[in-house]
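This briefing is meant for a reader who has not met this structure before. Please look over the sequence and the model before going on to the notes.

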Amino acid sequence: MIRIYKEKDYEAMSRRAANVIAAEIIRKPDCVLGLATGTSPLGLYSELATLNAEGRVDFAGVTTYNLDEYYPIDPANDQSYRYFMNKNLFNNVNVDMDKTHVLFGQAPDWKAECAQYDAEIEALGGIDLQLLGIGVDGHIGFNEPAEVLDPLTHLTDLTEDTIRANSRFFESEADVPRHALTMGIGSILSARRIMLIATGEAKAKAIATVLSGKLTTACPASMLNLHSDVTILCDRAAVSLCDEATIAALS
């Protein structure tokens, strides 16, 4: 089941998303959070740091697992997702760094790394709340549009569209890694709850496809319709292609 909530702008969406995560931590102080990178969650991570600094939410017992990581990449590289998470969240809250997990971008055996990642999450009882962003083509994590979708954590080739979109973070497009390690669709859907955030007109087509209720591997995020507890938080622009009746029905 998908529920969608439209906020007036990015800041309002970020505050609401941060409050959802904070509420989960308060409800279950030792919860397991699935986290995402990219520009979309920057605001909510900033909000969480503020809530933590104010003593309103405590990360001491929280365990985190990130969706994905470039491959190959040095975790110390300022474009790695480990670096991103340290800079934008982990270093700004009282989380135990030993309980923060990002796929190792220099793993000599990527298959073993992916299998171990899935096994660790399963041993902890699964992810309580999974945070997702969404690509303009509907990808979640690095599960790109394709004829078939992998269920478990795996190595994937990045599409030219994704490479082009991510090149803004690198000195040039040639510097963007061509591969990534990512949780699979099945890994994502195994979370107890899922929260997807989206902002801007560029995401409107993908959001409209998800809300159509139809499943297509051309839009991996459409697979969220198979889950029983999905919340989508958007700004106005991200739902600009959806009619108000659809939004009202799912709110």
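The notes below go from the whole chain to its sheet, and then to single strands, residues and one helix.

The structure is a predicted model. Its chain has eight helices and ten strands. The radius of gyration is 17 Å, close to the 18 Å that the globule rule gives for 251 residues, so the chain is as compact as a globular protein of that length.

**Whole chain**

- The C-alpha trace spans about 50 × 45 × 35 Å along its principal axes.
- Of the 251 residues in the chain, 52% are buried.
- Among contacts with a separation of 6 or more, 79% are between residues 24 or more positions apart.
- The accessible surface of the chain is about 11,100 Å², and carbon and sulfur atoms account for 51% of it.
- There are 21 positive and 35 negative side chains in the chain. The centres of these two sets are 7 Å apart.

**The seven-stranded sheet**

- Seven strands form an open sheet with parallel pairing, in the order β1-β10-β9-β6-β2-β3-β5.
- β1 (2-7) and β5 (100-101) are the edge strands; each has a single partner strand, so one side of each has no neighbour in the sheet.
- The partner of β1 is strand β10 (residues 230-235), and six bridges join the two in the parallel sense.

**E7, in the edge strand β1**

- E7 belongs to strand β1, and D235 in β10 stands opposite E7.
- The relative accessible area of E7 is 15%, under the 20% cut-off, so E7 counts as buried.
- Leaving aside neighbours within four places in sequence, the contacts of E7 are A12, M13, R16, C234, D235 and R236. D235 is thus listed as a contact of E7 and also stands opposite E7 in the pairing with β10.

**The β7 and β8 pair**

- Strand β7 (residues 154-157) and strand β8 (residues 179-182) run antiparallel and are joined by four bridges.
- The covered face of β7 holds H154 and T156, while L155 and D157 are on its uncovered face.
- T156, on the covered face, stands opposite A180 in β8.

**C31, in a loop before β2**

- C31 lies in the loop between α1 (10-27) and β2 (32-35).
- C31 is buried, and its relative accessible area is 0%.
- C31 and D128 are 97 residues apart along the chain, yet their C-alpha atoms are separated by 6.2 Å.
- D128 is also one of the contacts of C31 once neighbours within four places in sequence are left aside. The others are E24, I25, G61, V62 and T63.

**Helix α3**

- Helix α3 (residues 81-88) is mostly covered, with six of its eight residues buried.
- The buried residues are Y81, R82, F84, M85, N86 and N88.
- These buried residues pack against two helices, α2 (42-53) and α5 (160-166), and against the strands β2, β3 (63-66), β4 (68-71) and β5.
- Of those strands, β2, β3 and β5 belong to the seven-stranded sheet.

How values were computed: Residues numbered from 1 in each chain as written. Predicted model: local features only at pLDDT ≥ 70, side-chain atom pairs only at ≥ 80, totals over all residues. Heavy atoms only, no water. Rg over C-alpha atoms; globule rule 2.2 N^0.38 Å. Buried < 20%, exposed > 50% of the residue type's maximum accessible area, 1.4 Å probe, protein only. Contact = heavy atoms within 4.5 Å. Areas by Shrake-Rupley, 256 points an atom, 1.4 Å probe, with all protein chains shown as cover. Lys, Arg positive; Asp, Glu negative; His and termini not counted. Charge placed at Lys NZ, Arg CZ, Asp CG, Glu CD. Pairing = 2+ DSSP bridges.
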